[in-house]
Amino acid sequence: MNFSINPATGETLAHFALHDAAEIDTALDRAVRAQGDWRWTSSATRRALLQRLAAGLRADLETLAVLITAEMGKPIGEARAEVQKCAANCDFYADAAAGILADAPVADAPGAFIAYEPLGVVLAIMPWNYPLWQVLRFLAPALAAGNGAILKHAGNVPQCALAIERLVIEAGAPEGLFAHLRLAPDMVAALIADQRIAAVTLTGSTEVGMTVASQAGAALKKQVLELGGSDPFIVLADADVDLAASKAVTARFTNAGQSCINAKRFIVVDAVADQFLNAFAVATARLVMGDPTDPRTNLGPLARDSLRVALDGQVRRSIAAGARLVTGGAMPEGPGSYYPATLLDKVTPGMAAFDEETFGPAAAIIRARDEAEAIALANRTAFGLGASVWSRDTDRALGIARRIDAGAVFVNMVVASDPRVPFGGIKLSGYGRELGDLGLREFTNAKTIRHPSGTDEAAG
């Protein structure tokens, strides 16, 4: 059973039975049949589908935003922005896919070119923290490339999964090309192994990623894994400290800190550490925690109570190990899975707030002697998703960006995904890329085709 529970109140909104074996089998058969036809459709047909999907998202913006807020607690303004981003993603691939997937001649090999062909039906295992964006981030390029998709969404956002399915159907997708299945965790392995599934994509924890990778690897299935992160936010001595501190609030506390690419470790050079901490604390104090349906709220509840219990444990363990609590750090009483914006100063390696992914509104301030130690501390992590560097000297910051172990490094900007540029990680943050041209091609077969041409006609 999947339960939809409002994390702001604890109220059960709805519940849904899991799909049984017969329903799963039917969905897979339909997906394979639909994708077998969809793969041969024109780029114009695929573009039109994505355009209609974007239009549907915009037409239902308010309904969808309210649903996101109800199911996982995102402040309503952020929920609206999520829906708008999904529509923009569809627009991007509607416009760009044909060019990105066009046959590509191979330089210095006359008669040779690369054709990008769909793999088949892709299984998408998606999380709750961006219940529409995480799905549309994968789905738009998958459909644009000629693939079909089966969605296994997080169990606490079943109504969001139904809404996505409805939107795709209303956009005119062929019957069965996309379907969502409600599955218990122990049902996923059999689905991955099923020969009707061609590839797998997962956004989730590193631990789940390891399990899915082993299951998909055993079946020789292509995978894209976007996993955990402990992103460094590096503030150099020559940074605009007030600007960095104001952006730090967005970087850490957007979506109540429940994002893989939220900044989590704020590594600040000693010369400006006190100034940064004071400015960060002042800006953090302006956050309004409360009812996520209230437009004034910018810090909603965590999506489940177990998440705030886990975060509180990490905060307490860090304090016991020597971190200094600046603000927050205590679970409030009353209904809802709320946790206050929390700042920990003087965090060092070995503490939970440094070593572990903190998935919630707690920021770790880490003091570095100089630039060299800041870089070393940034790289002293098992993760490698995103990072940001703050300095008035852009060239200097760009040089440092090349020395940071991460899938993306932003200079004087908050890390954010963008349909136009590839997104993904290294190390325990996963592998493969979503978005941009690389994301579109991930679930394609880069097929080499060659024919006799010029002086190469006799080549063997």
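In this predicted model, helix α4 (76-100) provides the largest share of the lining of the second largest pocket, namely four residues. The second largest pocket holds about 520 Å³ of space. Its lining is made up of 25 residues, and K85, Y130, T254, I261 and A416 are the closest to its centre. Besides α4, the elements that give two or more residues to this lining are α5 (133-144) and α9 (241-253). Sorted by class, the lining of the second largest pocket comprises 10 nonpolar, eight polar and seven charged residues.

The largest pocket encloses about 890 Å³. It is lined by 40 residues, and those closest to its centre are W128, T203, G204, S205 and V208. At least two lining residues come from each of α7 (188-193), β8 (199-203), α8 (206-218) and α11 (305-320). The greatest contribution to the lining of the largest pocket is that of α8, with seven residues. By class, this lining consists of 21 nonpolar, 13 polar and six charged residues.

Cavities are also found in the model. Rolling a probe the size of a water molecule over the atoms reveals where empty space remains. Four cavities of 30 Å³ or more are present in the structure. The largest cavity contains about 80 Å³ of space. Among its 14 lining residues, F138, P141, G439, E442 and F443 lie nearest the centre. Helices α5 and α15 (436-441) each contribute at least two residues to the lining of this cavity, and α5 supplies the largest share, four residues. The lining of the largest cavity divides into seven nonpolar, three polar and four charged residues.

Helix α4, already named for the second largest pocket, also takes part in a salt bridge, through D91. Side chains of opposite charge can pair when their charged atoms come close. The structure holds 28 salt bridges, and the table sets out three of them.

| Salt bridge | Closest N to O distance |
|---|---|
| D91 and R58 | 2.6 Å |
| R308 and D305 | 2.5 Å |
| R369 and E373 | 3.1 Å |

The pair of D91 and R58 joins distant parts of the chain, since D91 belongs to helix α4 and R58 to helix α2 (residues 43-59), with their positions 33 residues apart in the numbering. D91 counts as partly exposed because its relative accessibility is 27%. R58 is likewise assigned as partly exposed, with 43% relative accessibility.

The pair of R308 and D305 is placed within a single helix, α11, where the two residues are three apart, about one turn of the helix. Are R308 and D305 buried or exposed? R308 counts as buried because its relative accessibility is 9%, which is under the 20% limit. D305, by contrast, is partly exposed, its relative accessible area being 37%.

In the pair of R369 and E373, R369 is exposed because its relative accessible area is 61%, a value over the 50% limit. A further group of charged residues, D25, D29, D194 and R196, is connected in a network of salt bridges.

Helix α11 also includes S318. S318 counts as buried because its relative accessibility is 0%. Which backbone atom does the side chain of S318 reach? The side chain of S318 reaches the backbone nitrogen of A353, at 2.9 Å. When neighbours within four places in sequence are set aside, S318 is in contact with A323, L344, M351, A352 and A353.

One of these contacts, L344, lies in strand β13 (residues 342-345). L344 counts as buried, since its relative accessibility is 2%. Residues up to four places away in sequence being left out, L344 touches V315, S318, I319, A323, R324, L325, A353, A363, A364 and I365. Of these partners, A364 is 20 residues from L344 in sequence, and their C-alpha atoms are 5.0 Å apart in space. A323 and A353 appear among the contacts of S318 and also among those of L344.

Technical notes. Residues numbered from 1 in each chain as written. Predicted model: local features only at pLDDT ≥ 70, side-chain atom pairs only at ≥ 80, totals over all residues. Heavy atoms only, no water. 1 Å grid on protein atoms, 1.4 Å probe; cavity = no way out; pocket = protein on both sides within 12 Å on 5 of 7 lines; lining within 4 Å. Points joined across faces, edges and corners; volume = space filled by probe spheres on them. Nonpolar A, V, L, I, M, F, W, Y, C, P; charged D, E, K, R; others polar. Salt bridge = Lys/Arg side-chain N within 4 Å of Asp/Glu carboxyl O. Buried < 20%, exposed > 50% of the residue type's maximum accessible area, 1.4 Å probe, protein only. Polar contact = N/O pair within 3.5 Å; in protein donor to acceptor, adjacent residues only side chain to side chain. Contact = heavy atoms within 4.5 Å.
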